[in-house]
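Biologist: I am new to this one. Please show me the model, and then let us go through it by question and answer.

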Amino acid sequence: GQTIGVFTSGGDSQGMNAAVRAVVRMGLYLGCKVYTIKEGYQGMVDGGDHIVESTWSGVSGTIEKGGTIIGSARCKAFREREGRLKAAGNLVRCGINNLVCIGGDGSLTGANLFKQEWKGLLSELYEAGEISETEMQQTMYLNIAGIVGSIDNDFCGTDMTIGTDTALHRIIEAVDAIGTTASSHQRCFVMEVMGRHCGYLALVAAMASEADFVFIPENPVASGWQEQLCGKLKQERDIGQRLNIIIVAEGAIDSHGQPITANDVKKLVTERLGYDTRVTVLGHVQRGGNPSAFDRLLASRMGAEAVMALVDASGDTPAVVIALDGNQIKRRSLMGCVKRTLYVQEAMKNKEFEKCIEARGRSFAK
Ligand code: ATP
């Protein structure tokens, strides 16, 4: 059986533990050795007790835990070849030449670069006497399977990323909770939600919470939005609605590219309509708590598929990312998906929203 290393990198998200657990157990089930690498790339560079062989019971009782119990970190050293050389040495000495990388686009880009450099790194380590000829021969190719953990659902090629559904639950719970008190006092409340440059969380949260208005980065509001918003709120009040909900994505902008914040909206509603308006910024609450059933299942399926992809790899197989397509788990080109994601980020920066929305569709990868 192969030897696999699994790690979580970049920002954490709920469901990462379920993915690690599935990788460990599927690996063991298929006769592989599985190591967990702590603190992402930092643990790979530091080696030692950061790289630990895992057991079946070692990942027991982790599926329901939020965040990542094997730790995640941003690692400067891994951005330099020197750091990646150290990381390669630590992996090879454990016999690891298969990696499951659970992270965002940055982490996956790093993994792909590592794969491209692998042969050169190994030769250098061998010449420096850091690894033996046998070690080098046994780990000649580096196989990579990526899994996207992110609450933003901002990665191209997969319908859902691990953590998004749970974050949505957190938002909805908060809206429901605030809604009851706001309704008692006929208040308007404005909630800012995460998502960076992606409006997915805000949009679906608005749909699921009967919000009156939503601001997302992909659809900058045109001039006159103030009248439109106030008109809508007033219309709802006039027909007896006691509560107004407005959702603002953290990257929301107007058609001039000016950011729209929850406080801007509050000021407007207070000044023009005189409604008692409150702002709630959920922040890291959205990343917290136990993963939803959906995220546990998604992560379990993706983790199992990642291992199967690595077991199937022979020779120098291109890196894959595990994706959800409809209700199917699929393997896609890691670099294809990363490139598309970067293209979307660029299009967002240049305010080419149609290009961005089209590119985000999953049809491209079929
Ligand atoms: P998130 O979406 O939460 O930001 P991410 O994976 O995109 O997750 P990054 O901070 O971009 O987060 O990347 C995590 C780590 O991956 C970095 O700290 C670095 O160690 C490694 N990494 C990212 N980009 C590269 C790269 N181009 N080359 C080498 N390593 C990289």
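Biologist: How do the residues of the shell around the ligand divide into nonpolar, polar and charged?
Modeller: This is a predicted model, where local features need pLDDT of at least 70, side-chain atom pairs count only at pLDDT 80 or more, and totals for chains, interfaces and linings use all residues. Residues are numbered from 1 along each chain as its sequence is written. Ala, Val, Leu, Ile, Met, Phe, Trp, Tyr, Cys and Pro count as nonpolar, Asp, Glu, Lys and Arg as charged, and the others, Gly among them, as polar. The shell has four nonpolar, ten polar and three charged residues.

Biologist: Which residues are the closest to the ligand?
Modeller: A residue is near a molecule if its C-beta atom, placed from the backbone, lies within 6 Å of it. In this model 17 residues surround the ligand. The closest are Gly 10, Gly 11, Gly 104, Gly 106 and Gly 110.

Biologist: Which helix gives the most to the shell around the ligand?
Modeller: Helices (H or I, at least four residues) and strands (E, at least two) are DSSP runs, numbered from the N terminus. Six residues of the shell come from one helix, residues 105-127. That helix is H4.

Biologist: Are H4 and H11 parallel, antiparallel, perpendicular or oblique to each other?
Modeller: The axes of H4 and helix H11 (residues 334-349) come within 10 Å and cross at roughly 135 degrees. Axes are lines fitted to C-alpha atoms, for helices over the stretch in contact, and angles run from 0 to 180 degrees between N-to-C directions. Under 35 degrees counts as roughly parallel, over 145 as roughly antiparallel, 65 to 115 as roughly perpendicular and the rest as oblique. H4 and H11 are therefore oblique.

Biologist: Which residues of H11 make the contact with H4?
Modeller: Two residues are in contact if their C-beta atoms, placed from the backbone, lie within 7 Å. H4 brings Asp 105, Leu 108, Thr 109 and Asn 112. H11 brings Leu 334, Met 335, Val 338, Thr 341 and Leu 342.

Biologist: Which residue stands opposite Val 320 in E12?
Modeller: Strand E11 (residues 320-325) and strand E12 (residues 328-333) run antiparallel, joined by six bridges. Strands pair if DSSP finds at least two bridges between them. Opposite Val 320 stands Ser 333.

Biologist: Which are the edge strands of the open sheet?
Modeller: Four strands form this sheet in the order E8-E9-E7-E10, with parallel pairing. An edge strand pairs on one side only. The edges are strand E8 (213-215) and strand E10 (277-281).
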